[in-house]
Each structure stands twice: as C-alpha cells, then as structure tokens.
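Visitor: I am new to protein models. Could you show me one and explain the words people use for it?

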Amino acid sequence: MIRPALILARKDLTLLCLRGNGLSQALLLGLLLIFIFSLARGLAELFSAQTAATVFWVSTLFCQVLIFNALYALEEDNGQRQVLLLIPAPVQSIWLGKALAGLALLLAAQAVFVPAVLIFLDQGLEGRTEWAPGLLILADLGLAAAGSLLGAIAQGRAAKESLLSLILFPLLLPLLLAAIRLGAGILSEPPAQEDLASWFRILIGFDCLFAAAGLVLFPFIYNAQE
Amino acid sequence: MLLRLENIAKFYGERPVIRGASLELAAGRTLLLTGGNGAGKTTLLKIMAGLIRPDSGRLTLELAEGEQVGYLGHRTCIYPELSGLENLFFWARLHGLKPGRAALLELMERLGLLPFADERAGIYSRGMAQRLNLARVLLFRPALLLLDEPATGLDTRSRQTLEEEIARAGKAGAGIVWISHRPEEDAAMADEVALLENGRLSLRPAKAAA
C-alpha cells in the first residue's frame, strides 16, 4: 500500500507543479485572506496571538480545499480513476497517495503563510517556538487525512468545491481549535496555568480518527461510477 | 475458466439494463460483445472488470497469483503533462513492474509511438493517445483484457496495429472481451460473438456472425 501511494503522490506533485494552477491558486487565496484580515485592524491596534493563529489556520483550511480538489481532479480529466481502481494494490493506497501529496503541498503553502502572518499581522515568535514543527505536522496530518477522504467524496459531483467545504468545516473544528490554541502559544508566551499539551493530545486523537475514517470509508466512496 | 458470469442483472433506477446475463470465457479465447447504443455493453464490461457491482448474479474471475485485469475504456487515461514514456513508467510502477526504458521503448515502437516517446502526451492525436492507452494495458500482460470499442477514432493503420496487438495478447494466453460496433468486420478476430439486446445476452460462434 505504501509503495503505490508514494508513486501516486510523486506523480501528483509533478503534475501540479507542471500545471502550476493547483498550488498557486491555493497560495493566492491564503495570502489574500491574510492580507484582507491585516486591513481589519486600526493603525495602533495589534492582533492578539490567537486571532493571528486563527487567520493562519483559516487560510490553511481554504488552501486545503483547493489542493484536494485539484489532486482528485487529476484523475478525472481522462478517466484515470477507473483504471486506478484496477491496480494490484488496496484502493486505500489512492487515499494515502493523495493525502501524502496534499500534506507536502500544505506544508509548502504554510512555508509562505507563516512569514505572511508574521509580517502582515505584525506578530513575533515569542512563545513556545519549539512546538511549531510538531504542531504543523500533526495538524496537517489530520487536515490531509480528512481532506483526502472528502476530496474523493466531492469529486465527480455537482458544485464539488462548495460541497467539500460544507462537509469539511464542521468535521475539522476540534482539530482547528487545537491548532489555533497551540499556534497562539507559539506566537506569544501562553499563560502558565494553561495545559497546552492536552491540545496536542486532541490533535493526535483527531489524526487517528481521520486516518481510520479514510482507511475504512474510502473504498466505499471512491468508485468507478461516473 | 478465466471468467464466468452467472445470471448477472443490473438496474439503473427502475430500468433493467442487463437481465440474467451468463457467459464463460477461457484463457486465450476472444469474445466479441456487440449490441446497439445503450444496450448495456459498457456496463457489462465494467461488471466483468469489477468496476461496477451487479444487482444480482455472480461474477467469478479465476486469476493466478500476480495475474491482472486490463481495462481499456472510452477514455484515454493519459496524463497530458507527462511524456508518453513517463505515462507508461507511471502505470508500470503502479502495477508493480520495474521496466527498463528499453522495454518500454520497444513496446512504444510496436505501437508506432517511438518517435513521440519523449513528447508531452497532451499533443498526441486521438489515435496516438488510444495506442498509448493500449500500451498501458499491454505492459503488464493482463490475463483478462477488456476492451471497450478500442478502435473508435483510429485510422486504418492504427486500427491494424491495434488488431495485431490484441491478436498477440490472445496468442499469449489472455482472455479477451472486445466491445465492437462492427461485428461483421471484427468477428474474424473472435472465437465467439455475444449480442446484448434488451438486456439479454445471446451467444453464437464467431463464424456465424462473420
């Protein structure tokens, strides 16, 4: 399952880089959101670390919707989906491949969003910066696992982008909440009494939940019906 | 028996598309599947491939370890941004193969695609794309080859190449089901002809159809 997933992920990343539209649209949308939010504050006002973290993760979320729609659309143009279902590998390898490609693209997008948040929202890295890699990876794992599953649900149906967003946002709320709280703790020193480690446990819990949901549900969702 | 269908039925909503279809296909045999537009040929072929689940009946595929099903549908399954050769490398790896460049180029040469091997597949004509699609299927030497109107849109030369490759696969022991709208011409390639009409499947020897 891992090998075909890696082959698929590599192909998807190559295609999206060659097409140039998947990641660039997602990046532009995310940056636009950060910039628009930066206009919402007055001249002498400062955004709280929590507000800045919220803007960052909302941008990431919109970016994720576009990324997974682009990733699943790759298999629709010339009917590749039905022959992918015939490869000698578990069908979940498609879910995993898309999730891995999506994870790489999300991390690439966040490499742009982090400095944008620091600059446009006038934030500093004054909190627990050592948590940043762990937070990004754990939160993005959950976003990728859920995004890959819901990208498959939305593909091939009318108004797919809006459908994906509608399903996605409520499901991701606990994960986003944890990511926002931890993100705020990275941007500014968190209150001593707050147990931020518990938010990491929530992230890990939801990563496992979305991964399990992907493995179990994907074969029922991704089929050859057009 | 490589493929066995027993009383397969499929409905789209209330409408029966296939009613009680039964057939058997042995390795090395070619079955030509024919019928009018909307008769359900593609649906039946997808059922054989395991891509669509029948509403009732039983499908049995007897494949040995490592044997695979090759499905060639209406669409070309190519990634236009990749070269023809890169497309084949991708599908080969997904099918668990590790082919050398020379082996893939040899396959492309057989299909008349060698001069375009490193060109973006997006610039291929319909006929070239279909030949690349055929190469995708042939490269893992499927035990069961399912072809949905593979000759559509092909010129005479491409059609001839296609028929040669299908005959070669049959001689190598693949069971072949071939949907055709030209049973009179294509029956010569087949051992048996199946006519799908009003959801019912009737079989006759290819010589009777030719």
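Guide: Start with Arg159(B), which sits in helix H5 (residues 156-171) of chain B. Helices (H or I, at least four residues) and strands (E, at least two) are DSSP runs, numbered from the N terminus. This is a predicted model, in which local features need pLDDT of at least 70, side-chain atom pairs count only at pLDDT 80 or more, and totals for chains, interfaces and linings use all residues. Residues are numbered from 1 along each chain as its sequence is written, chains are lettered from A and ligands numbered from 1 in the order in which they are written, and side-chain values use heavy atoms, with hydrogens and water left out.

Visitor: Why is Arg159(B) called buried?

Guide: Buried means under 20% relative accessible area, exposed over 50%, and partly exposed in between (1.4 Å probe, protein chains only). Arg159(B) has 13%, so it counts as buried.

Visitor: What is Arg159(B) in contact with, leaving aside its neighbours within four places in sequence?

Guide: Contact means heavy atoms within 4.5 Å. With those neighbours set aside, Arg159(B) touches Ala151(B), Leu154(B), Arg182(B) and Asp186(B).

Visitor: What is notable about the phi of Glu149(B)?

Guide: Phi of Glu149(B) is near 45°, a positive value in a residue other than glycine. Most residues other than glycine have a negative phi. Glu149(B) belongs to the loop between strand S6 (144-148) and H5 of chain B.

Visitor: Is Glu149(B) buried or exposed?

Guide: Buried, because its relative accessible area is 16%.

Visitor: And what about Asn198(B), buried or exposed?

Guide: Asn198(B) counts as exposed, because its relative accessibility is 61%. Its phi is near 50°, again positive in a residue other than glycine. The loop that holds Asn198(B) joins strand S8 (192-197) and strand S9 (200-205) of chain B.

Visitor: How do you know whether chain B agrees with a compact globule?

Guide: Use the radius of gyration, taken over C-alpha atoms; the globule rule is 2.2 Å times the number of residues to the power 0.38. For 210 residues the rule gives a value near 17 Å, and chain B has 17 Å, so the two agree. The C-alpha atoms of chain B fill a box of roughly 45 × 35 × 35 Å along the principal axes. Chain B has seven helices and nine strands. Of its 210 residues, 54% count as buried.

Visitor: How does chain A fare against the globule rule?

Guide: With 226 residues, the rule gives a value near 17 Å; chain A has 18 Å, which agrees. Its C-alpha box is roughly 60 × 35 × 25 Å along the principal axes. Chain A has eight helices and zero strands. Buried residues make up 51% of its 226 residues. In chain A, residues 24 or more positions apart account for 86% of the contacts with a separation of 6 or more.

Visitor: Where do the positive and negative side chains of chain A have their centres?

Guide: Lys and Arg count as positive and Asp and Glu as negative; His and the chain ends are not counted. Each charge is placed at NZ of Lys, CZ of Arg, CG of Asp or CD of Glu. Chain A has 12 positive and 15 negative side chains, with the two centres 9 Å apart. In chain B, the mean positions of 27 positive and 25 negative charges are 2 Å apart.

Visitor: How confident is the predictor in chain A?

Guide: That is pLDDT, the predictor's confidence in each residue, from 0 to 100. Chain A has a mean of 85, and 91% of its residues reach 70 or more.
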